[in-house]
Amino acid sequence: MISLDVLIAGLATGSIYGLLALGYHITFVVSNTVNFSLGATLMFGAVMFYEVHTRLGIDILIAVPLVLLMSGLLGIIVERFFVRPFCQNNSVSWLLSTIAFGIILENIVRFTFGQEPRSIPMPSISEPIRLFNAGIYPIEFIIPAVGISVAIILWLLSKKTIVGRALLAAAQNRDAAILQGINVKKLIILAYVVSTALAGLAGMLIAPKLNVSASMGTLIGLKAFAAAIIGGILSAPGCLVAGIGYGVFESIIAAQLPSAFREILGFGLLIIILIFKPNGLFGKKGVYKV
């Protein structure tokens, strides 16, 4: 039987995957490119939150938007210097360049922040509470609530604002959007800013739950990309649902079996799903995919 604490922990981890998967989705639908440094950006968000809030003592109400701003600026850098030059030459080398950027960022943080993992002391949300005989961390309620709220806000912005509708138009037919006078280049920059801001937010959310370190984002970013593929990278709801589902699945596996089975069965599930659903569970048949 699945215990409540296992389920809640899986929802929290899955929401982190879902936020990053949405980041992969946003850049892909607008530019047909994927920022493979989102895992490193998650780490960057967690480290910056530690430095700004824990080390410098800046209030969380200021620290959070400040880290979001810094994470968003990373998106501009990635798009301008690690993606655009290759896209202009019709090259797919952005695949490698975004991975390289993530490795560079990780090692810069390792040299400056240090290699030792550090915790962010937030007793009010990182100490377990008893609920139906299960020990649950309050942060595990906050993470899904924030993740789902952000997804709803992004959906409303895409439907109710001019910029959002322009993004949807560019996602559906980029050439037609250009003919209608939509500045697709700016939309691509915006997509990268939003995707890295989501990764930075995910880093801040997971920071009180995990120890902050330079290597914390690599595997999370890879699993989030797996979730995006499982859900169908062209489907925003699919990415979010698959991310949450993936987190719950591996939480159940981790509770029942040795930890090594979590990765074996998780990525094994990815292969099995793609054999029967090549475009993901919610993807569209016959469209361009990674």
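**Close-up 1. Glu106 and Arg110 sit together in helix 4.** Both residues belong to helix 4 (residues 94-113), where four residues, about one turn of the helix, separate them; helices here are DSSP runs of H or I with at least four residues, numbered from the N terminus. Their side chains meet in a salt bridge, at 3.2 Å from N to O. That term stands for a side-chain nitrogen of Lys or Arg within 4 Å of a carboxyl oxygen of Asp or Glu. Glu106 is buried at 16% relative accessible area, while Arg110 is partly exposed at 22% (buried is under 20%, exposed over 50%, partly exposed in between, with a 1.4 Å probe and protein chains only). Please keep in mind that this is a predicted model: local features need pLDDT of at least 70, side-chain atom pairs count only at pLDDT 80 or more, and totals for chains, interfaces and linings use all residues. Residues are numbered from 1 along each chain as its sequence is written, and side-chain values use heavy atoms, with hydrogens and water left out.

**Close-up 2. Glu140 meets Lys209 across 69 residues of sequence.** Look for Glu140 in helix 6 (residues 139-160) and for Lys209 in the loop between helix 9 and helix 10 (218-231). The two side chains form a salt bridge of 2.7 Å, N to O, and their C-alpha atoms are 8.2 Å apart. Glu140 is buried, at 5% relative accessibility, whereas Lys209 is partly exposed, at 29%. Beyond its neighbours within four places in sequence, Glu140 also has Ile8, Ala9 and Ala12 among its contacts (contact means heavy atoms within 4.5 Å).

**Close-up 3. Arg262 and Glu263 belong to a salt-bridge network.** In the salt bridge between Arg262 and Glu263, the closest N and O atoms are 3.3 Å apart. Arg262 is partly exposed at 28% relative accessibility, and Glu263 is partly exposed at 22%. Through shared partners, salt bridges join this pair with Lys223 and Glu250 into one network. The whole structure has seven salt bridges.

**Close-up 4. The largest pocket has 37 lining residues.** His25, Val29, Leu168, Ala171 and Ala236 are the lining residues nearest its centre. Helix 1 (4-31), helix 6, helix 7 (162-172), helix 8 (174-179), helix 9 (184-206) and helix 11 (236-256) each give two or more residues to the lining. A pocket, found on a 1 Å grid over the protein atoms alone, is an open set of points where a 1.4 Å probe fits, with protein on both sides within 12 Å along at least five of seven lines; lining residues have an atom within 4 Å of a point.
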